[in-house]
Amino acid sequence: MAAFCDKKRWEKLRRSRIYDRLRVESNSAGAPWQSRLYFLLHLMPVEEAGSLRQQLKKWEIVTDKSHGEQGRGGDILTRLLAVFDLYIAMHDAQFAGAELASLELDKKTAQALFVNPGDFRQIFPEKKDGVEDEHLPIRGLREMQRFGTSLLHNFYENHKITGTSVARWQELEKIIAQEQRKLKHLHRDWVKSKNRKNDIKWGAEEETAYKSALKLVTEYRHLTAQVMLQSHVRLHRLLIKILGRLVDFAGLWERDLYFVLLARLHLKGVKTEDIAEQFKDKGAKLENGQIVVALRELKDTGLQAKVADLLNQKETKEIRNGFDHFDTLKVKYFPVNLTAEIDKARRLMAYDRKLKNAVTKSVIDLLKRETIELKWSMGADHKLEKVSFISSAKAFHLDKESGNNKIVEELCDSHFIAMAKSLFTGE
């Protein structure tokens, strides 16, 4: 391990609890599955792996399973956390050789996101020792390289960060601390003014000052998301999350196909064990739940013909394969059009109206958690035609019942919403 990591990072890892746990576990019976899990984690975005690790830590606290506890539950948890800790630590390590070349590619990609490449160096100046500014989201940019960042270049090209945005961000950075304090104090005064025992008054002048401070703080937050490349990384994560959700529906389709096939076999008095014994490895795939492969390989048995209507011929299988193999991330399917992909999922689930409607509902709910509101218009055949509405979710300040005078904050910046809209339209 030390051979792949720089000396400083290796010494830090060696002194940590991660190293001690891994050294103990390396000679245990559980090492083989730990190795497989470690390599499997490389197929996941590091943020998702981190979130899963946090859930395991919460479960450890709730169930009081300490690291030194004997017993099956505590032992497995210790081994799981050791793998996750190693993956996250090594993911962020400063590797040598090929990894540095990848990092250079990240910087070139980041510079290309600005209208003026010189603005990139203003925002992320190099330190004296040559190390990149810690505010540059290297982890996110590296994830984009791993999971198809080139497919988003057309959206980034159409929404580059302008010199005007950079200049305004630099201007606001000088006064933002003062405006944030002002906003905090005004909000405190507003809360106190609700209590009649206090002498603090809240009138039109204070409300105007609150609106002014909120406007500047919101503008600074939105510009920070742009110039710090947080919006670009967020757009990529949104793409991966939605494609992952479509894979879930492909899994539901396979599950239902398998259940219906088992029901038909039962009506004919045929057991999967009999098929496995008669056709050996081909039948074993059916017994193990590999329904699509099994039906393809058992075509000579007459079994496939009995479920041809469920497969919906060529189109349905192509949709399923496209989702499972993340074809959307391949250059030959450029540009990305998530509306078209979501409509494919609806066609895949057309055998069940509730599941068909659940496709769009689940994506809309996912977007709401990302503070995005979206609606589609549909044609006469219930096909998704286009995005009819996309906007940032809103937060309301102070009195929510103040009618037309509500103080509203846009949670997403217009730059990110414009890129997200392009992602759903392919433009």
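**View 1. Lys406 and Arg234 each sit over an aromatic ring.** The charged end of Lys406 is placed over the ring of Phe396, at 5.0 Å from its centre. This comes from a predicted model, as do the views that follow. In a second arrangement of this kind, Arg234 lies over the face of Phe416, and here the distance to the ring centre is 4.3 Å.

**View 2. The whole chain, as a setting for the close-ups.** Here you can trace 21 helices and four strands. The chain has 427 residues, and 42% of them count as buried. Among contacts with a separation of 6 or more, 70% are between residues 24 or more positions apart. About 24,400 Å² of the chain is exposed, with carbon and sulfur atoms supplying 53% of that area.

**View 3. A salt bridge joins Arg53 and Asp85.** The structure holds 19 salt bridges, and this view shows one of them. The side chains of Arg53 and Asp85 meet with 2.4 Å from N to O. Arg53 belongs to helix H4 (residues 46-62) and Asp85 to helix H5 (residues 72-91), so the pair links distant parts of the chain, 32 residues apart. Are these two partners buried or exposed? Both Arg53 and Asp85 are buried.

**View 4. Glu409 and Arg221 form a salt bridge between a strand and a helix.** The N to O distance between these side chains is 2.5 Å. Because Glu409 lies in strand S4 (residues 407-410) and Arg221 in helix H12 (residues 204-227), the pair ties together parts that are 188 residues apart in sequence. Glu409 is buried, with a relative accessible area of 12%, whereas Arg221 counts as partly exposed at 34%.

**View 5. Arg168, Glu171 and Glu219 share a salt-bridge network.** Look here for three residues linked together by salt bridges: Arg168, Glu171 and Glu219.

**View 6. Helix H19, its cap and a salt bridge within it.** At the N-terminal end of H19, Asn337 acts as a cap: one of its side-chain oxygens lies 3.2 Å from the backbone nitrogen of Thr339. Further along, the side chains of Glu341 and Lys344 meet in a salt bridge of 3.3 Å, N to O. These two are three residues apart in helix H19 (residues 338-348), so about one helical turn separates them. Glu341 is buried at 13% relative accessible area, while Lys344 is partly exposed at 29%. How much of the helix is buried? Eight of the 11 residues of H19 are, so the helix is largely enclosed by the rest of the structure. Among these buried residues are Leu338, Ile342, Ala345 and Leu348, and also the charged Asp343 and Arg346.

**View 7. Two edge-to-face aromatic pairs.** A pair of aromatic rings is described by how far apart the centres are and by the angle of the planes. A search of the whole structure finds six aromatic pairs. In one of them, Tyr38 and Phe39 are edge-to-face, at 5.6 Å centre to centre with 75° between the planes. Tyr38 counts as buried at 17% relative accessibility, but its partner Phe39 is exposed at 60%. Tyr38 and Phe39 also form one aromatic cluster with Tyr87. The rings of Phe114 and Phe120 have centres 6.0 Å apart and planes at 70°, so this pair is edge-to-face. Phe114 is buried, with a relative accessible area of 1%, and Phe120 is buried, with 0%.

Technical notes
Residues are numbered from 1 along each chain as its sequence is written. This is a predicted model: local features need pLDDT of at least 70, side-chain atom pairs count only at pLDDT 80 or more; totals for chains, interfaces and linings use all residues. Side-chain values use heavy atoms; hydrogens and water are left out. Buried means under 20% relative accessible area, exposed over 50%, partly exposed in between (1.4 Å probe, protein chains only). Contact means heavy atoms within 4.5 Å. Accessible areas come from the Shrake-Rupley method with a 1.4 Å probe; for residues, only the protein chains shown count as cover. A salt bridge is a side-chain nitrogen of Lys or Arg within 4 Å of a carboxyl oxygen of Asp or Glu. A polar contact is a pair of N or O atoms within 3.5 Å; within protein, one must be able to donate a hydrogen and the other to accept it, and residues adjacent in sequence count only if both atoms are side-chain atoms. Rings of Phe, Tyr and Trp (its six-membered ring) pair if their centres lie within 6.5 Å; planes under 30 degrees apart count as stacked, over 60 as edge-to-face and the rest as tilted. A charge sits over a ring if NZ of Lys or CZ of Arg is within 6 Å of the ring centre and within 35 degrees of the ring normal.
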